[in-house]
Each structure stands twice: as structure tokens, then as C-alpha cells.
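Let's take a walk through this model together. Keep the sequence handy and turn the structure as you read.

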Amino acid sequence: MRVNECRHRGAALAVHFAEGDVSTLEAARAHVESCAACREYVADLSALQGTLEAWADEPPPATLRARVLARAAAAPRQAPKPSPAPDALPLFTLVPVMAALVAAIRVLAGGLSSWASGPGSETLLLDLIGPTPVAALFLLALGGLATLALAPALFLESRGPRRTLGAQS
């Protein structure tokens, strides 16, 4: 049996790196003693760690710095491309939307004022601030609810395609 087939392979890692509390480490050691695959894995990890610890650092060649600087100096330099000025055209598309919003506020305010002047209507908010601000608040609340409804879709779209290690490029 290979260590990948053992469902307790984390025990081998815990024993090798001596990680975890005392009771967990004792349970891991007991498992490693009873599992041949985990014992082999701990032995492989120990051999690898010994090899890495014995590795002697080698100094870079004396000419490396000069070669890197010469290559950097010889490389053609390109000035960064200036970013284009933002286009104001999308802002002009908001003008009809704003005009429609103002018209909707006026129509709604007219409806509210005629409703408020009817018999038996006692609306404190209309009496306090008037029909136009109430209409604006109502449309603002509708816009807020619409924004909340669209927020998950807009958030997911703004993240773009996800790249994972297994994805084909």
C-alpha cells in the first residue's frame, strides 16, 4: 500500500514535522508504527530533508552581474503607452435617463398630491415634506432595491473568468 492510499497520511507528516498537540502526536506516532506505507513515507521525508540540509550554496559566477547589466542596457527601451482619455459619451447617455427620472418624479408627485387631497387621507410624510420629495424617496428606494437584486450578478460578472491550475489555456 502506498501512502497516498492511506487515509491517515497526515499522521506521517505530523510525525515527521513534530506538529500538533501531545495527544495528536502520540496518536500519529502509533499509526505510523502500525502502517508500513506511512513509515516508508516518513523515511523518504527524512532522507529528503537530510539531502536538502546537506546542500551547499554555490556563489554566483563573478561575471553574472556584469552580464545581466549589459543585457539590460542593450535591451530596447519602450516608453509606456499613454492611456487614452476617458470617453465622455457614456455620460451623455445618462441625460435621457435623468430626464426620465425627473419626469417620473413629477408624475408621481402629482399623483401623490391628488391622492393626499382626497377625503380621509392622513399622511404625515406628505404633510411634512411634500409630494415631490416623497416621490423622489420612493423612486430612490425602488432603485436601491433593484441594485440589491442585481448586486450578485454584477459582482460575479466583475470578477471575470476564473483561472485555476487545472484550467486549459
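**Starting at the first helix**

Find Arg 9, which has its place in helix α1. Keep in mind as you look around that this is a predicted model. Arg 9 has a relative accessible area of 42%, so it counts as partly exposed. Now look across to His 31: the two residues are 22 places apart along the chain, yet their C-alpha atoms are separated by 9.4 Å.

Further along α1 you'll come to Ala 14. Is Ala 14 buried or exposed? Its relative accessibility is 13%, and since buried means under 20%, Ala 14 counts as buried. Leaving aside residues up to four places away in sequence, Ala 14 touches Glu 19, Leu 25 and Ala 28. Take the last of these: Ala 14 and Ala 28 sit 14 residues apart along the chain, with 6.7 Å between their C-alpha atoms.

Ala 14 has company, too. The buried residues of α1 are Ala 11, Ala 12, Ala 14, Val 15 and His 16. What covers them? The cover includes α2 and α3. Just past the end of α1, have a look at the backbone of Ala 18, which takes a positive phi of about 50 degrees.

Next stop is α2, which runs over residues 22-34. A quick sanity check on its geometry: with 13 residues at 1.5 Å each, the helix should span 18 Å, and the C-alpha atoms at its ends are 19 Å apart, so the two figures agree. Which residues of α2 are buried? They are Leu 25, Ala 28, His 31 and Val 32. Look down the axis of α2 and these buried residues fall within an arc of 125 degrees, which means they line one face of the helix. That spacing makes sense if you recall the helix rule: an α-helix has 3.6 residues a turn, so residues three or four places apart point the same way.

Roll α2 over and you get the other side of the story. The face turned away from the buried side carries exposed residues, namely Val 22, Ser 23, Glu 26, Glu 33 and Ser 34. As for the buried residues of α2, they pack against α1 (9-17) and α3 (36-54). Two of them have already come up: Leu 25 and Ala 28 are among the residues that Ala 14 touches.

Now jump along the chain to a spot on the surface. Leu 91, Leu 94, Val 97 and Met 98 make a nonpolar surface patch of about 410 Å². Which helix gives the patch its largest share? That would be α6 (residues 94-116), with three residues. Leu 91, for its part, lies in helix α5 (residues 89-92). Its relative accessibility is 58%, and because exposed means over 50%, Leu 91 counts as exposed.

Finally, zoom out. The secondary structure of the protein comes to eight helices and zero strands, so there is no sheet to hunt for. Buried residues make up 14% of the 169 residues. The protein exposes about 14200 Å², with carbon and sulfur atoms supplying 65% of that area. And if you take the contacts between residues at least 6 apart in sequence, 48% of them join residues at least 24 apart.

Notes
Residues numbered from 1 in each chain as written. Predicted model: local features only at pLDDT ≥ 70, side-chain atom pairs only at ≥ 80, totals over all residues. Heavy atoms only, no water. Helix = DSSP H or I, 4+ residues; strand = E, 2+ residues; numbered from the N terminus. Expected span 1.5 Å × (residues − 1). Buried < 20%, exposed > 50% of the residue type's maximum accessible area, 1.4 Å probe, protein only. Arc of directions from axis to C-beta. Contact = heavy atoms within 4.5 Å. Patch = residues over 30% accessible without salt bridge, like charges linked within 9 Å, V, L, I, M, F, W, Y side chains within 5 Å. Areas by Shrake-Rupley, 256 points an atom, 1.4 Å probe, with all protein chains shown as cover. Salt bridge = Lys/Arg side-chain N within 4 Å of Asp/Glu carboxyl O.
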